[in-house]
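Q: Hey, got a minute to go through this one with me? I'd like to start with the loops and then move on to the rest.

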Amino acid sequence: PTAAPAATEVPTTVPAVTDAAAAATEAAPAVTAAPPASGENPQALYQEAQRSYSRDDYATALTQFDEYLSKHLNEDENLSANAQFWKAKCLMNMERFAESIQAFEGLRSNFPNSTKVPFAMHNQAVAHSRLGQTAQAQRLMEAVIEQYPISPAADQARADLQKLRGN
C-alpha cells in the first residue's frame, strides 16, 4: 500500500519521492576517459563533482559540473551529457526549479541522443509541477511516455501523471 501524502504537500505537485525514485535509475556510469594532453584530468573533475553531489553538497557540485562543462564540453560527449544532467539535478535539489528546467533543456538540445534525455524530460516535468505549472508538467510527462514508452523514466512519468491528475 502507498502511504498517504504529507499534509503539507501541495496537490498540484509531484511528491519528493519522485526525485528519489528517479535518482535510483539515474546513476552515473563508470568513466574511463583518458586525460587530455594538457595534463588536466576531466574524468577526475567529473568524479569529484559526483562525490560532492553524493554528499548532498549541491552548491559545490554545481560549481564543479560548471567547471567541467566550461573546460571540457564535448571532449567526451557522454561525460558532458552526464555533467549537464547532474548540473540540472543540483539546481533541482537547490529548489532553483526555473534554472533546472533550462539546464535540462540544454541537455536535450545539445545531447539529443543521450540516454539521460528521458530522465531530463521527466525531471523538467517535476520542476514545472513544483512551480505550479501543471499543464507543462503533464505535457512533458506525456511526451516521455510517448517517446520512451519502455524506459524507467516513462514508468515514473505514468505514476506521476496519475498523481497530477488526482487519480
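**Loops, core and surface**

A: Happy to! This is a predicted model, and a good place to begin is D56, which lies in the loop between α2 and α3.

Q: What's the phi of D56?

A: D56 has a positive phi of about 65 degrees, although it is not a glycine.

Q: OK, and where is E95?

A: E95 sits in the loop between α4 and α5. Its phi is positive too, near 60 degrees, and E95 is a residue other than glycine.

Q: Is E95 buried or exposed?

A: E95 counts as exposed, because its relative accessibility is 61% and the cut-off for exposed is over 50%.

Q: Switching topic: how many helices and strands are there in the chain?

A: Eight helices and zero strands. Read from the N terminus, the order is α-α-α-α-α-α-α-α.

Q: And which residues touch the most other members in the largest nonpolar core?

A: Those are Y46, F65, Y68, F85 and C90, in a core of 43 residues. The elements that give two or more residues to this core are α2 (42-54), α3 (58-72), α4 (77-93), α5 (97-110), α6 (117-130), α7 (134-147) and α8 (152-164).

Q: Which one gives the most?

A: That's α4, with nine residues.

Q: Last bit, what about burial and surface for the chain?

A: Of the 167 residues, 46% are buried. The chain exposes about 8,500 Å², and carbon and sulfur atoms supply 52% of that.

Q: And how about contacts between residues 24 or more positions apart?

A: They account for 54% of the chain's contacts with a separation of 6 or more.

Terms used
Residues are numbered from 1 along each chain as its sequence is written. This is a predicted model: local features need pLDDT of at least 70, side-chain atom pairs count only at pLDDT 80 or more; totals for chains, interfaces and linings use all residues. Side-chain values use heavy atoms; hydrogens and water are left out. A nonpolar core is a set of buried Ala, Val, Leu, Ile, Met, Phe, Trp, Tyr and Cys residues joined through side-chain atoms within 4.5 Å. Buried means under 20% relative accessible area, exposed over 50%, partly exposed in between (1.4 Å probe, protein chains only). Helices (H or I, at least four residues) and strands (E, at least two) are DSSP runs, numbered from the N terminus. Contact means heavy atoms within 4.5 Å. Accessible areas come from the Shrake-Rupley method with a 1.4 Å probe; for residues, only the protein chains shown count as cover.
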